[in-house]
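Student: Could you walk me through this model while I look at it? I'd like to go piece by piece.

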Amino acid sequence: MPVIDAWMQHPTLRHSRHEMFASLRRWTGLELPEEALPVELTVAALEAADVEIGLSAAWYGPQGALISNDEVAGFVAASGGRLRGVAGADLARPMEAVRELRRAVRDLGFVALRVVPWLWELPPTDRLYYPLYAACVELGVPFCTQVGHTGPLKPSETGRPIPYIDQVALDFPELAIVCGHIGYPWTTEMIAVADKHENVYIDTSAYTARRYPAELVDYLRGRGRRKVLFGTNYPMITPARALEHLDRLELDEEARELFLSGNARRVFSL
């Protein structure tokens, strides 16, 4: 069964070596890299788990681009069709960010925008996001963001589904919002927001299948089968490792297909 990874990144060396990821390296046992990760290794990791498409994102924060949109475009071009681009944006320059998003979608073929709120220490309801939400609706692409606590040593408050995602969905009902990292420890809040709003979704990135909270598994098996997308947060977790215990979820055939690829194909127009 084909798989689409809704949340991953092919990292640059300055991204992989950033000090804010020290806690993640400690948790995962990954060593500080000395050389940039070759695109070929990322493609091989996707192929090993039958990942048809990986949505590889740019990373922009107050310190600048850790992975620029043009770098992502280069990785996509070198991937033999295995990667698709997800844009990043500089919130500090709203109009420049809107122009860059339009370029990324129209000229580079990117399929979404991702902003990580804890990088900016600004919740998704901050006014600096709102021009980008309008641009996403105009361009017909989803907005991807992080929910839940932060693994990196940054404040977690910006990852609360309520009030932040709830309010954005009220203000922009046409905007597809894909909320990565499950929302733990506010998973029940995240499910409530996804139930409430037609265009709000959850992705499972940063968690292996055996670590999904029980309430999310129940949701995925039942009424939430069209609301949950598979993601990894590669290279922190490889697709093979993320999917290792998938059978334990006891998904029926429809729920399994929607989770692994069908929902992402629909939401990202792939």
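Student: Which residue follows helix 3, and what is the sign of its phi?

Tutor: Helix 3 is followed by Asp-50, whose phi is positive, near 60 degrees. Before going further, please note that this is a predicted model, in which local features need pLDDT of at least 70 and side-chain atom pairs count only at pLDDT 80 or more, while totals for chains, interfaces and linings use all residues. Residues are numbered from 1 along each chain as its sequence is written, and side-chain values use heavy atoms, with hydrogens and water left out. Helices (H or I, at least four residues) and strands (E, at least two) are DSSP runs, numbered from the N terminus.

Student: OK, and which residues of helix 3 are buried?

Tutor: In helix 3, which covers residues 39-48, the buried residues are Val-39, Thr-42, Val-43, Ala-45 and Leu-46. Buried here means under 20% relative accessible area, exposed means over 50%, and partly exposed lies in between, with a 1.4 Å probe and protein chains only.

Student: Why do they end up on the same side of helix 3?

Tutor: They sit on the same side because they cover an arc of only 160 degrees around the axis, the arc being that of the directions from the helix axis to the C-beta atoms. Glu-40 and Ala-48, on the other side of helix 3, are exposed.

Student: What do the buried residues of helix 3 pack against?

Tutor: They pack against strand 1 (3-8), strand 2 (51-57), helix 4 (69-77), strand 5 (83-86) and helix 11 (239-242), where contact means heavy atoms within 4.5 Å.

Student: Some of those are strands, so in what order do they sit in their sheet?

Tutor: The order is 1-2-5, in an open sheet of 3 strands with parallel pairing. Strand 1 and strand 5 are at the edges with a single partner strand each, so one side of each has no neighbour in the sheet. From one strand to the next the twist averages 20 degrees. Two strands pair if DSSP finds at least two bridges between them, and strand 1 and strand 2 have 4 bridges in the parallel sense. Asp-5, for instance, has Gly-54 in strand 2 as its bridge partner. Helix 4 packs on this sheet, touching strand 2 and strand 5, and its direction makes about 170 degrees with that of strand 5; axes are lines fitted to C-alpha atoms, for helices over the stretch in contact, and angles run from 0 to 180 degrees between N-to-C directions.

Student: Switching to the sheet with strand 7: what is the strand order there?

Tutor: That open sheet has 5 strands in the order 6-7-8-9-10, again with parallel pairing. Strand 6 and strand 10 (228-229) are the edge strands, each pairing on one side only.

Student: Which way do the side chains of strand 7 point, and are they buried or exposed?

Tutor: In strand 7 (residues 143-146), Phe-143 and Thr-145 point one way while Cys-144 and Gln-146 point the other way, and all are buried.

Student: How many bridges does strand 7 make with strand 6, and how many with strand 8?

Tutor: Strand 6 (residues 113-115) and strand 7 share 3 bridges in the parallel sense, with Arg-114 opposite Cys-144. Strand 7 and strand 8 (residues 177-180) also run parallel and are joined by 4 bridges; Phe-143 has Ile-177 as its bridge partner there, and Gln-146 stands opposite Gly-180. Between these two strands the chain crosses through helix 8 (residues 161-171) in a right-handed β-α-β crossover, right-handed meaning that, with the strands pointing away from the viewer, the path from the first strand over the helix to the second runs clockwise.

Student: And where does helix 8 lie?

Tutor: Helix 8 lies across strand 7, strand 8 and strand 9 (200-203), and runs at about 170 degrees to strand 8.

Student: What about helix 7, which residues are buried there?

Tutor: Leu-132, Tyr-133, Ala-135, Cys-136 and Leu-139 are buried in helix 7 (residues 130-139). Their arc of only 165 degrees around the axis puts them on the same side of helix 7. The buried residues of helix 7 pack against helix 5 (94-106), strand 6, strand 7 and helix 8. Just after helix 7, Gly-140 takes a positive phi of about 75 degrees.

Student: Last one: how many helices and strands are there in the protein chain?

Tutor: The protein chain has 12 helices and 10 strands, and of its 270 residues 58% count as buried.
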